[in-house]
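Visitor: I would like a close look at one part of this molecule. Please take me through its salt bridges, and keep the steps short.

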Amino acid sequence: MSDATPDTPPKVFFILGGPGSGKGTNCARLVEDFGYTHFSTGDLLREAARSGTSDVAKKIAEHIRAGRIVPSEITVELLRQAIADHPNPIGYVIDGFPRKADQARMFEEGIAKAKGILYYDCSEQTMEDRLLTRGADSSGAEKRDDDVAETIRTRFRVNVQECMPVVESYKQSGRCHVVDANRDRDAVYAETKHLFEQMGEKPLKP
């Protein structure tokens with residue numbers, strides 16, 4: 001357990017990758033094995049969009065339906081509030097963030113510098129297949145407004161235009177670990193867990 005105090009910045013890890021690359025799946029397993037709190041920026045934004053009729057909620061909903069990135073100040077403030085509401089000295093895994101350079105700067109200057117950054121490198125064909133399967137799933141999984149083919153392709157374009165420069169910047173600074181996410185989910189998670197252990201993180205169970 002970390003000896004963090006209320007005055008020290010939270011320990012955070014950014015989990016990056018295109019839509020359907022496996023960010024949420026791997027974060028869920030990291031929570032189970034290490035005890036982190038997981039925040040999906042997409043989930044936080046969708047919840048905020050559903051939560052009211054304010055102009056901010058409407059703006060978020062409009063951006064999500066169109067597959068566009070929500071303004072950075074809104075996303076960063078949602079994360080700041082989520083961390084404040086869920087204190088966890090072990091740390092946080094935040095998936096789908098940062099998606100723009102100004103998001104990264106606003107978070108790391110105003111909240112905490114990421115201890116580690118993972119990028120799930122996955123082909124668009126694999127991601128599209130996964131997302132369309134999720135969109136068609138009627139087994140009780142939540143149906144998402146953005147899991148339709150046209151919006152998926154818009155999200156891919158946005159990811160390349162806006163998100164990849166952030167990934168490349170982190171790679172160039174030596175802070176980003178790249179994981180091949182086209183493989184079987186167990187192989188992807190085995191590498192993910194190993195990377196966290198290399199960063200000095202301790203699983204709850206040996």
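Guide: What follows is a walk through three salt bridges, with a short stop at a pair of helices. Keep in mind that this is a predicted model.

Start with the total. A search of the whole structure finds eleven salt bridges.

Take Glu201 and Lys115. They form a salt bridge, and their closest N and O atoms are 2.6 Å apart. Now look at where the partners sit. Glu201 is in the segment after helix H8 (185–198), and Lys115 is in the loop between helix H5 (101–110) and strand S4 (116–121). The two are 86 residues apart in sequence, so their salt bridge ties together parts that are distant along the chain. Next, check their surroundings. Glu201 has 6% relative accessibility, so Glu201 counts as buried, because buried means under 20%. Lys115 has 40% relative accessibility, so Lys115 counts as partly exposed.

Move on to Glu128 and Arg153. This salt bridge also has its closest N and O atoms 2.6 Å apart. Glu128 belongs to helix H6 (residues 124–136) and Arg153 to helix H7 (residues 149–172). The partners are 25 residues apart, and the pair links distant parts of the chain. Glu128 is buried, because its relative accessible area is 14%. Arg153 is partly exposed, with 41% relative accessibility.

Now find Arg183 and Glu191. Their salt bridge brings the closest N and O atoms to 2.5 Å. Arg183 counts as partly exposed at 32% relative accessibility. Glu191 is partly exposed too, with a relative accessible area of 25%. Go back to Glu201 for a moment. Salt bridges with shared partners join Lys11, Lys115 and Glu201 into one network.

Last, the helices. Helix H2 (residues 41–50) packs with helix H4 (residues 72–85) at an angle of about 100°, and their axes are 10 Å apart. That angle makes H2 roughly perpendicular to H4, because 65 to 115 degrees counts as roughly perpendicular. Which residues make the contact? From H2 come Thr41, Leu44, Leu45 and Ala48. From H4 come Ile74, Thr75, Leu78, Leu79 and Ala82. Sort them by class, and the contact has seven nonpolar residues, two polar ones and no charged ones. Compare that with the salt bridges. There, a side-chain nitrogen of Lys or Arg pairs with a carboxyl oxygen of Asp or Glu.

Key
Residues numbered from 1 in each chain as written. Predicted model: local features only at pLDDT ≥ 70, side-chain atom pairs only at ≥ 80, totals over all residues. Heavy atoms only, no water. Axes fitted to C-alpha atoms, helices over the stretch in contact; angles between N-to-C directions. Helix = DSSP H or I, 4+ residues; strand = E, 2+ residues; numbered from the N terminus. Parallel < 35°, antiparallel > 145°, perpendicular 65-115°, else oblique. Contact = heavy atoms within 4.5 Å. Nonpolar A, V, L, I, M, F, W, Y, C, P; charged D, E, K, R; others polar. Salt bridge = Lys/Arg side-chain N within 4 Å of Asp/Glu carboxyl O. Buried < 20%, exposed > 50% of the residue type's maximum accessible area, 1.4 Å probe, protein only.
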